[in-house]
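Reader: I would like to learn how to read a model of a protein chain, feature by feature. Where do we begin?

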Amino acid sequence: MHTPDLLAADTGMGAVTLRVANLDRMIGYYREGVGLSLFSNEGGVAVLGRPSASGVDVPIVVLEHEPSMQHAAPHEAGLFHTAILFDTKADLAAALYSVATKYPQTFTGSADHLVSVAFYCTDPEGNGVELYWDRDRTEWSWTHGMVDMATEYVDPNAFLQEHLTATALESAAARPGRVGHVHLSVGDVDTARAFYVDQLGFATTAGFGEALFVSAGGYHHHMAMNTWNSRGAGRRQLALGLGLVRIEVRGTDDLGALVARMRDTGVQTADDGRTVAFEDPWANRIEVTAPGRG
């Protein structure tokens, strides 16, 4: 039974929009490095992604060319990373190998989080990227409603030796992938909790002092917020970097309930007939969509 003040269990994340200074360079990184397919590139906007398991194109990043914009100042709020979820360890290994061989300077680390295995990098304009694979939900542990996560070292070379296959490399662009979660840099965790849990309707799944993890439907996290680099940050100014976070709900009733909840808690929303948009307390723009709307 769905609780009306929570997002529905089948909520997911959509493509993340990035404002970029060098469109060609960024297309090259996400296409040649991360292994995404270029779906379109028109009018200064490029859409890259992977197919779904059923073969439908799934946008993962949307790059908007904004050459006149400047980079945000250090320690401002914005994107911490876009996390791209792969179906198999072989698919993850293929993406890791591609980044490591073509853009080795962008690799920043790795972690076994108990629920997932992740590798981290930073794109050529400073946007964080996580490449990860989930363990089966039956292997996740929960304590008092919170998912057990940790950060344990993973040897990337050993991971590649064990899981990389020629088939995965050859078919990488045709293999499924999607945005699994989006992690933001924010000014303070209490304000993030008030907005993303109490108003937007995610459930808290973990908290580690300066970080908050939230999800719908018992996933380990669809979104996260931390103050590791941005403690005390205020509202963002227009700059390169994060342009838009998309959340996908599965029905118009779910979207209507979300809109009602946001308005009841004083959040201004804009509805163009296709999407409902609003800003979080740091001026990160969020758009929510539902299939068949508009």
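Author: We go from the whole chain to its strands, then to backbone angles and one residue in a helix. Keep in mind throughout that this is a predicted model.

Reader: How many helices and strands are there in the protein chain?

Author: The chain holds six helices and 19 strands.

Reader: What radius of gyration would a compact globule with 294 residues have, and what does the protein chain have?

Author: The general idea is to compare the value with a rule for globules. A compact globule with 294 residues would have a radius of gyration near 19 Å, and the protein chain has 18 Å, so the two agree. Along the principal axes, the C-alpha trace spans about 55 × 50 × 40 Å.

Reader: What do burial and contacts add?

Author: Burial is judged by relative accessible area, with under 20% counting as buried. By that cut-off, buried residues make up 52% of the 294 residues. For contacts with a separation of 6 or more, 67% are between residues 24 or more positions apart.

Reader: What supplies the exposed surface of the protein chain, and how far apart are the mean positions of its charges?

Author: About 13000 Å² is exposed, and carbon and sulfur atoms supply 49% of it. The mean positions of the 21 positive and 36 negative charges are 3 Å apart.

Reader: Turn to the strands. Which residues are on each side of strand 15?

Author: To read a strand, look at its two faces and then at its partners. In strand 15 (residues 223-226), M223 and M225 lie on one side and A224 and N226 on the other; all are buried, and both faces are covered.

Reader: Which strands are joined to strand 15, and in which sense, parallel or antiparallel?

Author: Strand 12 (residues 177-185) runs parallel to strand 15, with four bridges; there S185 has N226 as its bridge partner. Strand 14 (residues 211-215) is antiparallel to strand 15, also with four bridges, and F213 is the bridge partner of A224.

Reader: How is strand 19 paired?

Author: Strand 19 (residues 285-289) pairs with strand 16 (residues 241-248) in the parallel sense over four bridges, where E248 is partnered by T289. Strand 18 (residues 275-279) is antiparallel to strand 19, with five bridges, and A277 stands opposite E287. Five residues lie between the strands in the hairpin of strand 18 and strand 19, where A283 has a positive phi near 70°.

Reader: Why look at the sign of phi?

Author: Most residues other than glycine have a negative phi, so a positive one is worth a look. H75 has a positive phi of about 75°, and L114 has one of about 75°.

Reader: Where are H75 and L114 placed, and are they exposed or partly exposed?

Author: H75 is in the loop between strand 5 (57-65) and strand 6 (78-86). H75 counts as exposed because its relative accessibility is 60%. L114 is in the loop between strand 7 (107-112) and strand 8 (116-122). At 32% relative accessibility, L114 counts as partly exposed.

Reader: Last, the residue in a helix. Is Y196 buried or exposed?

Author: Y196 belongs to helix 5 (residues 189-199). Its relative accessible area is 0%, so Y196 is buried.

Reader: With which residues is Y196 in contact?

Author: Leaving aside neighbours within four places in sequence, Y196 is in contact with L184, G201, F202, M223, M225, D280 and I286. M223 and M225 are on one side of strand 15. Y196 and A224 are 28 residues apart in sequence, and their C-alpha atoms are 9.4 Å apart.

Definitions and conventions. Residues are numbered from 1 along each chain as its sequence is written. This is a predicted model: local features need pLDDT of at least 70, side-chain atom pairs count only at pLDDT 80 or more; totals for chains, interfaces and linings use all residues. Side-chain values use heavy atoms; hydrogens and water are left out. The radius of gyration is taken over C-alpha atoms; the globule rule is 2.2 Å times the number of residues to the power 0.38. Buried means under 20% relative accessible area, exposed over 50%, partly exposed in between (1.4 Å probe, protein chains only). Contact means heavy atoms within 4.5 Å. Accessible areas come from the Shrake-Rupley method with a 1.4 Å probe; for residues, only the protein chains shown count as cover. Lys and Arg count as positive and Asp and Glu as negative; His and the chain ends are not counted. The place of a charge is taken as NZ of Lys, CZ of Arg, CG of Asp or CD of Glu. Two strands pair if DSSP finds at least two bridges between them.
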